[in-house]
Structure formats: C-alpha cells, structure tokens
Amino acid sequence: MKRRLFALLLAAVVLLAAVPLQARAASDVCFVSINDTLPETIPFAYLRSSVVYIPSSALSSFRIYTLYDANIATVLVYTSSQQVTIDMNTGTATDRDGMEYSATAIYRNGQVYLPAQFICSMFGLGVSYIEGVGYGDICRITDGSQVLGDALFLSAATNQMRVRYNAYLDSIAPATDSSHTGNNTQNSHEDARVYLTFTGLPTAYLMNLLKNYAITAAFFLTAQDIASAPDTVRRIVGEGHTVGICCPDGTLDSVEAAMDLLFEAAHVRTVLVTAGENESQAFLDACSGAGYVACRYDINGINGGAGISDTGQITGRINQVRGSAVLTLALTSSNDAAVRATVYYLYSNNFGLGVIREVGYTGGTNRVR
C-alpha cells in the first residue's frame, strides 16, 4: 500500500511538472523535433485534453522501442535498462519495478502516441514545448547533445516548418484559396548551390548529422589524420562521402604517403587535393603537372586552422551565394558545435547542396575549380 501511494505521489509530481508543456499548446499543428533536427518522417504530435502526445516512432532515435498489443490494449515501452507498460483500458502505467503511474497512450492512424512529458521523464529525456510564429508549434525532445537553444532552434527551423505547414494546409483543403503558399520560398536558397567540404577528421555526431540529413560532403585529410583514425576514414568512404588529401604546407610533398595510407585504410584512391589557405600558383601548377585536381574554396571557414567558433562568422557569406560556392570548414577539437549548427543552417534554409566527385567535373551538379 505504501509503495502504491508513493508511486501515485511521484506520478502527481510528474504531471505537475508537465503543466507548462501542456498549457502552452496553442496550435493544432505540432511538429516533433529531435535535438537539433526536425525530421520529416516523424508525424505531427497529437494534442488531446491539453496533453501533448508524441508518435512512438519519434523515440527510436534514442533507441527507445515500443510493442503494442491491440488484443489487450497494452503498450510496452522499453530500452535495455528501463521499461514502462501502459494499460490503455485503465489509464495506468507500470515501470519495471512495479510502480504505478497515472498515464495512458492513444492509438490513432496506425500508430501509438505516448504522453510526451511522462514518457520523456521516465527515460531520462528532456522535453519542451516551443510556440511557433504562425506555422505550428514544436514539441522538442532532447538528450543533452543538442547545440541550439529553443529560441535559436525555432529561428533555424521556421522556414522548414513553413513549407511543411503550408503543404499540410493544402492537403486538407485543396479547394481553398492557395494564396497562403506565397511565402514558401521566403528565406529559401534553393537556387544557391553550396559544396560542403571539410579539412580534418569529423566527430561521430557530425557524421550522424550528415547521414540524417542525407548530405554528402568532401573530407580533405592529411597523412596524420588517416593514420590516426582509419576507422573514421572507412566510415567516411562507406557512407558515400568524398575523400581528398589536405596539403596544409602548400606543397605536394606529403601526398604520396597520404595516398598510400588512404588505400591501406579504405582501399580507395583519389586525385582531389587542397592546400586551403596556403594555395599558390606554384601549388596549382604542381597539381596540374602531377595529375591532381585542386579543390579551391569560396567561403573560408579554415581561419588559420582554428575553424569557426560560431555559425554567425560565415552565415553572411553563405547568404550571399549566387550560383554555386565551395564552403570549407576546418574541423578542430573545439568547434564541433559550431560546425553542426552550420550544417543545420544550410539544411533548414533550403540551400541546394552540391556533391564534389572525382568524375563529372565539367557539368551537372559537380564542380571542382
């Protein structure tokens, strides 16, 4: 009896903590975001009786899974270390220790929806409700690895929200006046094509972000980079990114050694090289004579090898792109957050993203100059 009373008191605390999230729900459209992303594959959240419910598919990003048994109207939410069983008939949830809480789930449109505040608290996730600016709101789920604060995230995501919100309105009212779609291209840079390149080794988080957004980049690595992290090099190649050789001293002296290491690590060879800020006419001439192709940047995010410390250092240049431009960012041990925010900025503002390849230099979407 004491155990059940304690569980009910704990549940009351959870529900009281959820009030700000629930009470602020002001739109019939609520996007679900994961850390610094707004995945298009996750359906809208569902609001009922001022409670925000998220589709169970949103939790898979955190390796939280669900099993739904329609015969007994029960949902099992679980990880390797925690599990919660929700009885939809009684509106109670039970954790793996047998403690009971007042919470339920909803089954609609072929998917289970879970109460956001409760389920996130049970699995150690953060959740916030962000009021939008006319294009829906956001239920944001975080695990502590996010870079952007809620206000900055809303600003970065607004254009993506606008497009999806207007598409949603069109889908439910195709016969109405479509003049509301006139802003679809506001802040859109689809006519600008940015070729994203990096010098240095990426973190696993950056690689995951590029994979999540389906962005292909070019990584220019030194012999030391390749020798120190062959597994990362293999992942870069395996996930379809381009690899080139970085020559920070402005010569080709270290290229052969880097090429051998690249082949040993990932069984690929390349003709792409860059000297970054140390490029000279002598370097370009040497590349031409040796059969290498020099990749040259238009927007400098190398900054003496220190890279950028915040996205604002280069967004002005990015916004000025007309046609196409190569953006080169140096990857350092301290600027991963700024680089990730830049990638998100490009994605959320609908920039066209080109792919630097070893073939097709003269036309199409590929460009090395």
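This section describes one antiparallel sheet and one helix of a predicted model. Local features were accepted at pLDDT of at least 70 and side-chain atom pairs at pLDDT 80 or more, while totals for chains, interfaces and linings use all residues. Residues are numbered from 1 along each chain as its sequence is written, and side-chain values rest on heavy atoms, without hydrogens and water.

Five strands form an open sheet in the order E4-E5-E6-E7-E8, with antiparallel pairing. Strands (E, at least two residues) and helices (H or I, at least four) are DSSP runs numbered from the N terminus, and two strands pair if DSSP finds at least two bridges between them. Strands E4 (65–69) and E8 (100–102) each have a single partner strand and stand at the edges, so one side of each lacks a neighbour in the sheet. Neighbouring strands are turned by 20 degrees against each other on average, direction ignored; axes are lines fitted to C-alpha atoms, and angles run from 0 to 180 degrees between N-to-C directions.

E4 is joined to E5 (residues 74–78) by five bridges in an antiparallel arrangement, and Tyr-68 lies opposite Val-75 of E5. Glu-100 belongs to strand E8 and is partly exposed at 26% relative accessibility (buried is under 20% relative accessible area, exposed over 50%, partly exposed in between; 1.4 Å probe, protein chains only). Its C-alpha atom is 9.4 Å from that of Val-84, 16 residues apart along the chain.

In helix H10 (residues 336–348), 11 of the 13 residues are buried, among them Arg-340, Tyr-344 and Leu-346. Just after H10, Asn-350 adopts a positive phi of about 60 degrees.

Key:
Expected span 1.5 Å × (residues − 1).
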